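The following paragraphs explain how one protein chain is folded. Please keep the sequence and the three-dimensional view at hand while reading.

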Amino acid sequence: MSLRKNVFAALYDPMSRKSEDAGLRALRRGLLTEAGGSVLEIGAGTGANLAHYNEVESLVFTEPEPAMLRRLQKKARDEAPLAKILRAPAEDLPFEDDSFDTVVSTLVLCGVDDQARSLREIKRVLRPGGRLLFLEHVRSDEAALARFQDRMNWLNRIVVDCDCNRPTLTTIEATGFSVSQLERTEMPKAPKFVRPLIVGSAVAG
Ligand SMILES: C[S@@+](CC[C@H](N)C(=O)[O-])C[C@H]1O[C@@H](n2cnc3c(N)ncnc32)[C@H](O)[C@@H]1O
């Protein structure tokens with residue numbers, strides 16, 4: 001358990017507050033109205049999405065980092081007492097094939113060790129026709145901003161332990177998902193190199 005990961009977990013909610021208040025929370029809420037049936041959320045962190053699930057059949061959260069997991073468990077005791085919480089990375093999900101109707105990933109695919117493998121795992125555990133709901137900061141489509149993101153990625157990695165320049169939508173499509181809804185927007189109150197944001201859903205074939 002590294003000190004750095006403990007500090008990141010402790011600072012995550014205060015660091016995100018301005019962004020959440022300025023619109024990120026509303027984006028989460030809008031996305032999660034689409035969640036239905038049996039739902040898995042990967043990399044659930046401190047549980048920022050917990051309050052936004054309505055009328056789902058079942059909820060499972062995974063999170064690999066112990067310091068995040070503790071915060072998630074504490075929050076879930078009040079806000080989602082029936083949810084199941086497991087320690088697991090997205091690259092190795094401890095579920096049978098075709099287990100879920102919905103998988104949720106918010107601000108996770110930027111930081112997983114192996115994005116392509118994580119998406120293959122998500123597709124494996126989704127039933128055919130099931131949906132991935134995503135909200136992810138990504139590489140810009142504008143060449144100049146993308147180059148700026150490449151230059152600033154070292155700083156992003158130090159501060160928030162993820163990449164600001166991943167072409168996540170391309171990887172989602174390359175995994176065999178069919179993107180059914182897509183909003184290209186901006187992460188509120190974020191530095192320019194973290195702003196490009198995609199919010200939407202993709203259907204597992
Ligand atoms: C920026 S936080 C986002 C937390 C939460 N999803 C949210 O929307 O606030 C990134 C989360 O991904 C988790 N994470 C890091 N590596 C991961 C992996 N390989 N698989 C799944 N989650 C991972 C981190 O521990 C952290 O909780």
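Read from the N terminus, the elements of the protein follow one another as α-β-β-α-β-β-α-β-α-α-β-β. The secondary structure therefore amounts to five helices and seven strands. It should be kept in mind that this is a predicted model. The radius of gyration of the protein is 16 Å, close to the 17 Å that the globule rule gives for 205 residues, so the protein is as compact as a globular protein of that length. Along its principal axes, the C-alpha trace spans about 45 × 35 × 30 Å.

The strands deserve attention next. Seven strands are joined in an open sheet, and their order across the sheet is S3-S2-S1-S4-S5-S7-S6. The pairing within this sheet is mixed. Strand S3 (84–86) and strand S6 (177–186) stand at the edges; each has a single partner strand, so one side of each is left without a neighbour in the sheet. On average, and with direction ignored, neighbouring strands of the sheet are turned by 15° against each other.

Two pairings in this sheet can be followed residue by residue. Strand S5 (residues 126–137) pairs with strand S7 (residues 196–204) in the antiparallel sense, over seven bridges. Phe134 stands opposite Gly200 in S7, and Arg131 stands opposite Val203 in S7. Strand S7 also pairs with S6, again in the antiparallel sense, over nine bridges. Here Phe177 stands opposite Ala204 in S7.

The helices may now be placed. Helix H3 (residues 115–125) lies across several strands, namely strand S1 (38–41), strand S4 (100–106), S5, S6 and S7. Relative to S5, helix H3 runs at about 140°.

How are two helices that pack together described? Two packed helices are described by the angle between their axes and the distance between the axes. The axes of helix H1 (residues 3–32) and helix H2 (residues 66–79) come within 8 Å and cross at roughly 30°. Because angles under 35 degrees count as roughly parallel, H1 is roughly parallel to H2. Helix H1 contributes Lys5, Asn6 and Ala9 to the contact, while helix H2 contributes Ala67, Met68 and Arg71. By class, this contact has three nonpolar, one polar and two charged residues.

Finally, the model includes a ligand with residues around it. Which of the 18 residues around the ligand come nearest? They are Gly43, Gly45, Glu65, Ala90 and Thr106. The shell around the ligand divides into 10 nonpolar, four polar and four charged residues.

Notes. Residues are numbered from 1 along each chain as its sequence is written. This is a predicted model: local features need pLDDT of at least 70, side-chain atom pairs count only at pLDDT 80 or more; totals for chains, interfaces and linings use all residues. Axes are lines fitted to C-alpha atoms, for helices over the stretch in contact, and angles run from 0 to 180 degrees between N-to-C directions. Helices (H or I, at least four residues) and strands (E, at least two) are DSSP runs, numbered from the N terminus. Angles under 35 degrees count as roughly parallel, over 145 as roughly antiparallel, 65 to 115 as roughly perpendicular and the rest as oblique. Two residues are in contact if their C-beta atoms, placed from the backbone, lie within 7 Å. Ala, Val, Leu, Ile, Met, Phe, Trp, Tyr, Cys and Pro count as nonpolar, Asp, Glu, Lys and Arg as charged, and the others, Gly among them, as polar. A residue is near a molecule or strand if its C-beta atom, placed from the backbone, lies within 6 Å of it. Two strands pair if DSSP finds at least two bridges between them. The radius of gyration is taken over C-alpha atoms; the globule rule is 2.2 Å times the number of residues to the power 0.38.
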